[in-house]
Amino acid sequence: MTESQENNKEKRGMPLQRGNFIGMAIAGAMIVLGFLLMLGGSSTAEAFNPDIFSTRRIVVGPIIAFLGFVLMAVAIIIDPEKLFRNRKK
């Protein structure tokens with residue numbers, strides 16, 4: 001094997017690093033929080049529940065869940081090693 005092939009083997013390893021997993025955990029928590037904020041009772045034939053139109057259920061919850069999905073994609077794609085290397089310069 002040549003030296004460049006050996007260097008490539010050394011660089012191979014886990015494609016995701018610790019920073020990626022931390023970001024993914026935070027994103028997962030945001031997604032769960034968003035869905036929990038959207039939970040609640042519904043209206044029945046006997047009684048109308050005006051809480052189904054609350055801001056928490058139709059605005060805040062979906063926004064937090066959507067941001068969680070976006071953060072999940074960013075956490076998977078971004079290379080934390082390059083991010084911190086550029087920040088130190």
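A salt bridge here is a side-chain nitrogen of Lys or Arg within 4 Å of a carboxyl oxygen of Asp or Glu. The exercises below apply to a predicted model.

**Exercise 1. Salt bridges**

Find the salt bridges in the whole structure and state how their partners are linked.

Solution.
- Step 1. The search of the whole structure returns two salt bridges.
- Step 2. Take Arg 56 and Asp 51. Their side chains meet at 3.7 Å, N to O. The limit is 4 Å, so the pair qualifies.
- Step 3. Take Arg 57 and Asp 51. The closest N and O atoms are 3.8 Å apart, and this pair forms a salt bridge too.
- Step 4. Shared partners join Asp 51, Arg 56 and Arg 57 into one network.

**Exercise 2. Burial within the network**

Classify Asp 51, Arg 56 and Arg 57 as buried, partly exposed or exposed.

Solution.
- Step 1. Recall the cut-offs: buried is under 20% relative accessible area, exposed is over 50%, and partly exposed lies in between.
- Step 2. Arg 56 has a relative accessible area of 34%, so Arg 56 is partly exposed.
- Step 3. Asp 51 stands at 30%, so Asp 51 is partly exposed as well.
- Step 4. Arg 57 stands at 13%, so Arg 57 is buried.

**Exercise 3. Leu 39 beside the arginines**

Place Leu 39 in the chain, then list its contacts beyond four places in sequence.

Solution.
- Step 1. Leu 39 sits in the loop between H2 and H3.
- Step 2. Its relative accessible area is 52%, so Leu 39 is exposed.
- Step 3. With neighbours within four places set aside, Leu 39 contacts Arg 56 and Arg 57.
- Step 4. Check one of these by backbone position. Leu 39 and Arg 56 are 17 residues apart along the chain, and their C-alpha atoms are separated by 9.5 Å.

**Exercise 4. The aromatic pair**

How many aromatic pairs does the whole structure hold, and what is the geometry?

Solution.
- Step 1. The search finds one aromatic pair. Phe 48 and Phe 53 form it, 6.2 Å centre to centre, with 35° between the planes.
- Step 2. Test the angle. Planes under 30 degrees apart count as stacked, over 60 as edge-to-face, and the rest as tilted. The pair of Phe 48 and Phe 53 is therefore tilted.
- Step 3. Check exposure. Both Phe 48 and Phe 53 are exposed. For Phe 53 the relative accessibility is 55%, which puts that residue in the exposed class.
- Step 4. Locate Phe 53. It lies in the loop between H2 and H3.
- Step 5. List its contacts, leaving aside neighbours within four places in sequence. Phe 53 touches Phe 48 and Ile 58. Ile 58 belongs to helix H3.

**Exercise 5. The nonpolar surface patch**

Describe the nonpolar patch that includes Ile 58, and say which helix gives the most to it.

Solution.
- Step 1. List the members: Ile 58, Val 59, Val 60, Ile 63, Phe 66, Leu 67, Val 70, Val 74, Ile 78, Leu 83 and Phe 84.
- Step 2. Together they have about 910 Å² of accessible area.
- Step 3. Assign the members to helices. H3 (55-77) and H4 (80-88) each supply at least two residues.
- Step 4. H3 gives the most, with eight residues.

**Exercise 6. Asn 20**

Is Asn 20 buried or exposed, and what does its side chain reach?

Solution.
- Step 1. Asn 20 lies in helix H2, residues 18-38.
- Step 2. Its relative accessible area is 2%, so Asn 20 is buried.
- Step 3. The side chain of Asn 20 reaches the backbone oxygen of Ala 75 at 2.6 Å.
- Step 4. Beyond four places in sequence, Asn 20 touches Ala 75, Ile 76, Ile 78 and Pro 80. Ile 78 is also one of the residues of the nonpolar patch.

**Exercise 7. The whole chain**

Summarise the fold pattern, burial and sequence separation of contacts.

Solution.
- Step 1. Count the elements: four helices and zero strands. The pattern along the sequence is α-α-α-α.
- Step 2. Of the 89 residues, 13% count as buried.
- Step 3. The chain exposes about 7,100 Å², and carbon and sulfur atoms supply 66% of that.
- Step 4. Take contacts between residues at least 6 apart in sequence. Of these, 63% join residues at least 24 apart.
- Step 5. Add a pair that is separated in sequence. Val 32 and Gly 68 are 36 residues apart along the chain and 8.6 Å apart in space, C-alpha to C-alpha. Val 32 lies in helix H2. Its relative accessible area is 48%, so Val 32 is partly exposed.

Definitions and conventions: Residues numbered from 1 in each chain as written. Predicted model: local features only at pLDDT ≥ 70, side-chain atom pairs only at ≥ 80, totals over all residues. Heavy atoms only, no water. Phe/Tyr/Trp six-rings, centres within 6.5 Å; stacked < 30°, edge-to-face > 60°. Buried < 20%, exposed > 50% of the residue type's maximum accessible area, 1.4 Å probe, protein only. Patch = residues over 30% accessible without salt bridge, like charges linked within 9 Å, V, L, I, M, F, W, Y side chains within 5 Å. Areas by Shrake-Rupley, 256 points an atom, 1.4 Å probe, with all protein chains shown as cover. Contact = heavy atoms within 4.5 Å. Polar contact = N/O pair within 3.5 Å; in protein donor to acceptor, adjacent residues only side chain to side chain.
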